Amino acid sequence: MKFSIALTSILIHACFFSMAQTEARKTFPLVVSFNSQCCGVPSDSSIRKFITMFKKRYKIRKISAYEFGPLGREGEYCLAFNLKELNKKQRVVFISKIKRIKIFPTDRGTFSFDENYEIDPASLPKRALKKEVLF
C-alpha cells in the first residue's frame, strides 16, 4: 500500500515536472543578445534610449522584457521582448528600427538581434536568472 502511494506520488510529480518543462519554453518576437569579445558586454544605453524615444512617439506607457543572465563568464545576457504592449504595426516598426542600432565605438563586445527566437530555460546555464525589466 505504501509503495503504491509513493509510486503514484512520484508519477504525479514527474508529470507536473514534464509539463513545467514544456511550458517553460517560450518564443519571443525579439531577443537582443549582449555578447563579449574579450572584455565585457556593450552598454545597453543605446537600446534604452531608443525604447524611451519609441514609447514617447507612440504614447506607450511601458515596454517589458525578460533579462536572462549571466550566460557567460564576462556577463553576457539577453533581453527577450514579448511586445504584447504594442499592436501589430508597432511591433513591425519597433523590430525594424531597433535592428538599426549600433554599439558605441568605445564599447567592447557586440549585440545581436533575433526574431521569433525560442528560449528554453533548461538549456541556459544553471546560474542564469530570469527577471522582468520594465522600460
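## A walk through the fold

Read from the N terminus, the chain runs α-β-α-β-β-α-β-β, giving three helices and five strands. Here helices (H or I, at least four residues) and strands (E, at least two) are DSSP runs, numbered from the N terminus. You are looking at a predicted model, where local features need pLDDT of at least 70, side-chain atom pairs count only at pLDDT 80 or more, and totals for chains, interfaces and linings use all residues. Residues are numbered from 1 along each chain as its sequence is written, and side-chain values use heavy atoms, with hydrogens and water left out.

**Whole chain.** Start by showing everything. Of the 135 residues, 35% are buried; buried means under 20% relative accessible area, exposed over 50%, partly exposed in between (1.4 Å probe, protein chains only). Now think about contacts, meaning heavy atoms within 4.5 Å. Among those between residues at least 6 apart in sequence, 76% join residues at least 24 apart.

**Strand β1.** Select residues 26-35, then pick out V31. Is V31 buried or exposed? V31 is buried, because its relative accessible area is 0%. Beyond its neighbours within four places in sequence, V31 is in contact with C78, L79, A80, S112, F113, D114, Y117 and I119. Try a distance too: from V31 to N82, C-alpha to C-alpha, is 9.0 Å, although the two are 51 residues apart in sequence.

**The partners of β1.** Two strands pair if DSSP finds at least two bridges between them. Colour β4 (110-119) next: nine bridges join β4 to β1, and the two run antiparallel. Within this pair, F28 has Y117 as its bridge partner. Then add β3 (77-81), which is antiparallel to β1 and joined to it by five bridges. Here C78 stands opposite S33.

**On to β2.** Strand β3 also runs antiparallel to β2, with four bridges between them; look for Y66 with its bridge partner A80. Select residues 64-69 for β2 and 129-134 for β5, and you have another antiparallel pair, with six bridges. G69 and L129 stand opposite each other there.

**Helix α2.** Select residues 45-58. The 14 residues should span 20 Å at 1.5 Å a residue, and the end C-alpha atoms are indeed 20 Å apart; the expected span is 1.5 Å times one less than the number of residues. Show S46, I47, F50, I51, F54 and K55, which are buried. Looking down the axis of α2, the buried residues fall within an arc of 170°, so they line one face of the helix. (The arc is that of the directions from the helix axis to the C-beta atoms.) K49, M53 and K56 are exposed on the other side. What covers the buried residues of α2? The cover includes β1, β3, α3 and β4. Just after the helix comes K59, with a positive phi near 55°.

**The cores.** A nonpolar core is a set of buried Ala, Val, Leu, Ile, Met, Phe, Trp, Tyr and Cys residues joined through side-chain atoms within 4.5 Å. The largest has 24 residues, and L30, I47, F81 and F94 have the most contacts inside it. At least two core residues come from each of β1, α2, β3, α3 (88-98) and β4. Centre on F81: leaving out residues up to four places away in sequence, F81 touches F28, P29, L30, V32, I51, I63, S64, A65, F94 and F135. Apart from the largest core lies another, of six residues, including F28, F68, C78 and A80.
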